Amino acid sequence: MSPEESFRAYVGGRIAALSRVAYLLTGDRHSAEDLVQMTLVRVARHWERVIKNGDPDGYVHRTMYSQHVSLWRSRRRDARPVADSPDRAGPDSTAGVADALVVRQALARLTPKQRAVLVLRFFEDRTEVEAAAVLGCSVSTVKSTTRDALARLRALAPELADLVGVGVLPNEGGGR
Amino acid sequence: MTARLERALAELAEQMPPAPARDDLWRRGRRQRRRDRLAVAAGVAVAAVAVLFAVPGLLARPAPMEVGGGTDAVPSTVYLPWMWQATVRQDPRGPASMLVSGDSIGLRGPDPVDHEGKIAVIGRDGSYRMLLSGGSERVAGEGSILSPDGRYVAQDHLSGERDGYVLVTDLTNGKTKRYEGPAGAECCAIPVAWRPDGGALVLAELYRVDSDRADPVSGIYLQPGRLVQLDLKTGATRPLLPFDNFSNVRTASLAAYSPDGSRIAVAVDQRLRLLDAATGGTLWTAELGERRYLAGPGAFTADGRRIATVSLDGCLNDCDTARLASRQWRVGYLDAGSGADTTGPAMPPVTAMAVRALGWRQGTDLVAVAYGPEERVRKEAASGWNDTGFWEVGDASLVALRPDDTVETLIDPPDAVLSMDVARDLLEAGRFGGEAKEPDIFPARRIIIVPVAVYSSPVLIVVGGALIGWWGWRRRHGRR
């Protein structure tokens, strides 16, 4: 299989999962699609080197997270302060879809790195060590960023207290 | 609790359909890769060229030498400086062994792109640095003269400096001192000769006059009006001698100091006068006639008892190039005490269009610049001719006339060199034949951009055209 063929095969098999991560990171579909495209173009530049080490997922995810920060930086000049949503949904601990809506609104108010940490830890189910490797930072930075992100979620949306815990942060104090 | 957050994130993620897998992802990625590689290659090439040019110059750059270094010598030959050679002000390299002028692109630039007047200062470390002036050609040894110790250059104009009566540049730090003339005059005087101790100058003061030879841009014509002595320590000036008839002033043999600096021999109007440097008074006058001249600024013999003259055998007026080139010059002497003809060391005749004596090597050999005529040049009577002028001279060499009847060539430079001046201390000590170094490419003046652009543009056009063609071909026959 040629490099181009193996790249196309990888894209075909992984683009749905990558799209979901991108959506959680960016918060909207168009930005998510842009992020996926940018990531894959960048990966194609060095595909031979990427697949040489076996599973390309690690490199692809690292690229996506770094692209996410770059994309956010390039667009933040146009960013508008997010006003409090007037129709903010009230807590509904039994409705998964309602939880998702509230989480989406709250994620939009976090920094890119905070969002990335939450997605890595609670969506992709990565350990703190793995998250640190993907983000290119230390484990302690992952820990503090997680703590800050959850605290900010609680402050911005008290109704999320049930999701993220009150007083005690989930997994605080150690990696899985 | 964490499980609920995880579930909420999973629910949220499920709302995202797969992004469309565009067909050109691979092609775009590879295109970026080629651009990256091209950028890296270009960066490496630029860095390599910079290193290639810069490093040898930096490594080969010795520290500036101190004044009076014991091993200094006049180089055995002279090279032509680069067009962009750094100036003295930009990178001073200390005392010089000689000055050089000429008509190569490194010694004469086209105004207004570059400076028309250029003097190359050859340092005692072998470096080449420039003194630049726009608007007119320069002649080393006449108008730009090197001090006896090689540390200073006196000149009437220097680019980047405010005009003064005369300007004196210190080669050790690149700074130029501006002097005022009599009654605070701020213009203009041509340096003629240094006092042997370096403490004073004889200058030809210029007057503005109406003339059909006026500069077409400024409308100004400056004509020497009188000789003035300037004391460099006090700035005091002393008028020495007016020129009654400027057409009889021969710039190559206008004035010479005695070795002790107390007397000045001045040749004007076919007469040689000996002046008292302290008072300006005339001690005696000798008639020279139309074929005999003061030998040059180094005319006084080492003991100060004789003054050398040169007499012309050959064509005086209405001379074509061949006859100018075949002129012969015989050395004679005047008694410094009386002005009467006297005998002295018998020197061989010199075949040249003109000679200008710079001084005596170890008290016995007369060192002079010998000038050859420019191709197809012709001297006509009353034509404003100058035997050692920029437009009349085609080549120059440095020679030593020896009492054993031989003429030794000390420096035979490229033909583009039209005049030279040599530091008197090295000349009198007989320090010739020193190591000659080719001029370093760097440091450079900013004008280096011009030749770089000119020489690199064909290459860039060819390479750029090839790349565009190649990209076009790739686009038309693009790989998937």
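Which residue of chain B forms a disulfide with Cys315(B), and how far apart are their sulfur atoms? I began with this pair, keeping in mind that I am reading a predicted model. The partner is Cys319(B), and the two sulfur atoms lie 1.9 Å apart.

**Entry 1, the disulfides.** I looked up the total and found two disulfides over all chains. For Cys315(B) and Cys319(B) I noted a torsion about the S-S bond of about -95 degrees, so I recorded this disulfide as left-handed. I then checked accessibility, and both Cys315(B) and Cys319(B) are buried.

Next I turned to Cys187(B), which is joined by a disulfide to Cys188(B), with an S to S distance of 1.3 Å in the model. Here the torsion about the S-S bond is about -65 degrees, so this disulfide, too, is entered as left-handed. Is Cys187(B) buried or partly exposed? I found 34% relative accessibility for Cys187(B), which therefore counts as partly exposed, whereas Cys188(B), at 11%, counts as buried because it falls below the 20% limit. With the bonded cysteines of chain B numbered in sequence order, I wrote the pairing down as 1-2, 3-4.

I also looked at a cysteine in chain A: Cys137(A) has 18% relative accessibility and so counts as buried.

**Entry 2, the four-stranded sheet.** In chain B I traced an open sheet of four strands, in the order β3-β2-β1-β26, and its pairing is antiparallel. The strands at the edges are β3 (128-133) and β26 (417-422) of chain B; each has a single partner strand, so one side of each is left without a neighbour in the sheet. Neighbouring strands of this sheet are turned against each other by 25 degrees on average, direction ignored.

I followed one pairing within this sheet in detail, that of β1 (residues 96-102) with β2 (residues 117-123) of chain B, which is antiparallel and runs over four bridges. As one point of register, I noted that Ala96(B) has Gly123(B) in β2(B) as its bridge partner.

**Entry 3, a hairpin.** How many bridges join β15 to β16 in chain B? I found five, between β15 (residues 271-276) and β16 (residues 282-287), and the two strands run antiparallel. For the register I took Leu272(B), which stands opposite Ala286(B) in β16(B). The hairpin of β15(B) and β16(B) has five residues between the strands, and in this hairpin I noted that Gly280(B) takes a positive phi near 85 degrees.

Conventions: Residues numbered from 1 in each chain as written. Chains lettered and ligands numbered in written order. Predicted model: local features only at pLDDT ≥ 70, side-chain atom pairs only at ≥ 80, totals over all residues. Heavy atoms only, no water. Pairing = 2+ DSSP bridges. Axes fitted to C-alpha atoms, helices over the stretch in contact; angles between N-to-C directions. Disulfide = S-S within 2.5 Å. Buried < 20%, exposed > 50% of the residue type's maximum accessible area, 1.4 Å probe, protein only.
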